[in-house]
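Subject: Structure for your review

Dear colleague,

Please find the structure below, together with its sequence. A summary of what was found in it follows.

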Amino acid sequence: MIPANPGPETLSAPSDLIQGSLPGTTPGKRGPTAGASRPPWSPPSNSPLFQVSNMLPAVVGPLVMGSHLSSIVVWSSLALVITTISHCGYHLPFLPSPEFHDYHHLKFNQCYGVLGVLDHLHGTDTLFKQTKAYERHTLLLSLTPLSESIPDSPKME
């Protein structure tokens, strides 16, 4: 049940209203990175400026290079699929791992890239490499969840 007046700590996006109304879901919780707080200086992820700034690199490159329409469609489709996998919050079998990008949403100053090459060169993946998420950042080739085969360390009380 969605609270009558959900506060900003409960709902982080309009999709939380839908998420909370689906059977078996909780408002404000989406996948393993739910609960990560945004820095106060970051723009809301659903603002038009944020959306345009995210789309510019994917759109401008093929247009500036004069790519063929079929190449643009293939590139856009691939970018959309990878973005969906990275933001779904689940590490699904036989698909790329979202752990790297999930950690970015958790820390906001780590794991900026898509492939991780520039993060390695600039050292923005050093904290990620010290976590269990880094051990789970692999292609899942079985139906056993990696959170079971590589569980988090027990919390110290």
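The accessible surface of the protein amounts to about 11,400 Å², and carbon and sulfur atoms account for 66% of it. Please bear in mind that this is a predicted model. Of the 157 residues, 22% count as buried.

The protein has seven helices and zero strands. Of the contacts with a separation of 6 or more, 33% are between residues 24 or more positions apart.

One feature of the surface deserves mention. Trp75, Leu78, Ile82, Val114, Leu115, Val117, Leu118 and Leu121 make a nonpolar patch of about 880 Å². Helices α3 and α5 are the elements that give two or more residues to this patch. Leu121 has its place in helix α5. Leu121 counts as exposed because its relative accessibility is 61%, and the cut-off for exposed is over 50%.

Turning to the interior, helix α4 spans residues 99-107, and its buried residues are Glu99, Phe100, His101, Asp102, Tyr103 and His104. These buried residues pack against three other helices, namely α3 (69-87), α5 (117-122) and α6 (132-136). After α4 comes Phe108, which has a positive phi, near 65°.

The aromatic residues form a further point of interest. The structure holds three aromatic pairs. In one of them, Phe100 and Phe128 meet edge-to-face, with 5.3 Å from centre to centre and 85° between the planes. Because Phe100 belongs to helix α4 and Phe128 to the loop between α5 and α6, this pair ties together parts that are 28 residues apart in sequence. Both Phe100 and Phe128 are buried.

Phe128 also pairs with Tyr134: the ring centres are 5.6 Å apart and the planes lie at 85°, so this pair is edge-to-face. How buried or exposed are Phe128 and Tyr134? Phe128 has a relative accessible area of 1% and is therefore buried, the limit being under 20%. Tyr134, at 38% relative accessibility, counts as partly exposed. Ring pairs link Phe100, Tyr103, Phe128 and Tyr134 into a cluster. Two members of this cluster, Phe100 and Tyr103, are among the buried residues of α4.

With kind regards

Conventions
Residues numbered from 1 in each chain as written. Predicted model: local features only at pLDDT ≥ 70, side-chain atom pairs only at ≥ 80, totals over all residues. Heavy atoms only, no water. Buried < 20%, exposed > 50% of the residue type's maximum accessible area, 1.4 Å probe, protein only. Helix = DSSP H or I, 4+ residues; strand = E, 2+ residues; numbered from the N terminus. Contact = heavy atoms within 4.5 Å. Patch = residues over 30% accessible without salt bridge, like charges linked within 9 Å, V, L, I, M, F, W, Y side chains within 5 Å. Areas by Shrake-Rupley, 256 points an atom, 1.4 Å probe, with all protein chains shown as cover. Salt bridge = Lys/Arg side-chain N within 4 Å of Asp/Glu carboxyl O. Phe/Tyr/Trp six-rings, centres within 6.5 Å; stacked < 30°, edge-to-face > 60°.
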